[in-house]
Amino acid sequence: MNFNFSNKRFLPLLGVMLAIAFQASAEDEDLRKVGTKGSLDNVIQELVEAPWPLGFDFFRTVGVSGFKQQGGSNADPIVFRSGPMETSDGYTFDYTEFRIHPRLVQGISFYYAKLEQGRCYPVASLKPKYALERFVYPPSPHNAAAERVSKESAYELRSNGTVLHFTTDGSSQECLVSFYRSTR
C-alpha cells in the first residue's frame, strides 16, 4: 500500500483534526472554572503578553471555553465562537471569537471579544498601563451616508508583532465595547 501525503490532502485534514481536537478540549470541565477567576484587566494583560500566534494556552489561562465552529471547515478562515463568559470582576463577554487559516499556516490569526452592554469599563483605566494611540476606523463605503459616521472611538496598541484595537462607545466615559488582536 502506498501512502502519499501530498499537501493538497494532508493540510486540510490536519485543519479538521485540529478543529475537532479543540472542540473536545473546550468541553473540559477545568476550562470553565478558570474563567471566573480572572478579571477583565487580567484578560487584557494576557492578550497583550501572549506571543503570536495565539495558542490554546491563552484560552486556558483566561478561561474562555465552549467554542463552536461557525460555518464549514473549508471556509477561509475557519471561525470559532464561544458563548458568554463572566470575569471575576463582573464584566461579561457576549462572546469571543478566533480564526484559523484552513491550512494552519499562521495559527490563530485573529482574536475578538465583545463585551456585554450595561457595565462600563472606561478605557481611561488602560491608558496608565499601555501606550494607547487614538485610532480612526475608516468609513465603510458600503453603508448608507448617514451610517458612515460612527460615535464609536478606538485606540490601538502595538505589542509582540501584533496590533490590539480597543473600541469604545464614544460616550464621555469611553466605555469599552470590544477589542481584537491581529497581525500588523
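Buried means under 20% relative accessible area, exposed means over 50%, and partly exposed lies in between, with a 1.4 Å probe and protein chains only. Phe98, at 0% relative accessibility, therefore counts as buried.

Before you start: this is a predicted model, in which local features need pLDDT of at least 70 and side-chain atom pairs count only at pLDDT 80 or more, while totals for chains, interfaces and linings use all residues. Residues are numbered from 1 along each chain as its sequence is written, and side-chain values use heavy atoms, leaving out hydrogens and water.

**Exercise 1. Classify the ring pairs of Phe59.**

Step 1. Take the rule: rings of Phe, Tyr and Trp (its six-membered ring) pair if their centres lie within 6.5 Å; planes under 30 degrees apart are stacked, over 60 edge-to-face, and the rest tilted. A search of the whole structure with this rule gives 12 aromatic pairs.

Step 2. Begin with Phe59 and Phe67, whose centres are 5.2 Å apart with 75° between the planes, an edge-to-face pair. Phe59 counts as buried because its relative accessibility is 2%, and Phe67 is buried at 3%.

Step 3. Now turn to Phe59 and Phe98: the centres are 5.0 Å apart and the planes at 40°, so this pair is tilted.

Step 4. Place the pair in the fold, where helices (H or I, at least four residues) and strands (E, at least two) are DSSP runs numbered from the N terminus. Phe59 belongs to helix H4 (residues 56-62) and Phe98 to strand S4 (residues 92-100), so the pair ties together parts 39 residues apart in sequence.

Step 5. Widen the view: Phe58, Phe59, Phe67, Phe80, Phe98 and Tyr111 make up one aromatic cluster.

**Exercise 2. Describe the surroundings of strand S4.**

Step 1. Check burial: seven of the nine residues of S4 are buried, so the strand is largely enclosed by the rest of the structure.

Step 2. List partners, remembering that two strands pair if DSSP finds at least two bridges between them. S2 runs antiparallel to S4, joined by four bridges, and Phe80 stands opposite Phe98. S5 is also antiparallel to S4, with seven bridges; here Thr96 has Ala113 as its bridge partner.

Step 3. Add S3 (residues 85-86), which pairs with S4 in the antiparallel sense over two bridges. The two form a hairpin with five residues between them, and Gly90 in the turn has a positive phi of about 90°.

**Exercise 3. Characterise the disulfide.**

Step 1. Apply the cut-off, a pair of cysteine sulfur atoms within 2.5 Å; the count comes to one disulfide.

Step 2. Identify the link: the sulfur atoms of Cys120 and Cys175 are 1.9 Å apart. The angle about the S-S bond is -100°, and the link is left-handed.

Step 3. Locate both ends. Cys120 lies in the loop between S5 and strand S6 (133-135) and Cys175 in the loop between S8 and S9, so the pair ties together parts 55 residues apart in sequence.

Step 4. Compare burial: Cys120 is partly exposed at 24% relative accessibility, whereas Cys175 is buried at 10%.

**Exercise 4. Find the main contributor to the largest nonpolar core.**

Step 1. Define the core: buried Ala, Val, Leu, Ile, Met, Phe, Trp, Tyr and Cys residues joined through side-chain atoms within 4.5 Å.

Step 2. The largest one has 34 residues, and those with the most contacts inside it are Ile44, Tyr111, Phe166 and Phe179.

Step 3. Helix H3 gives the most to this core, with five residues.
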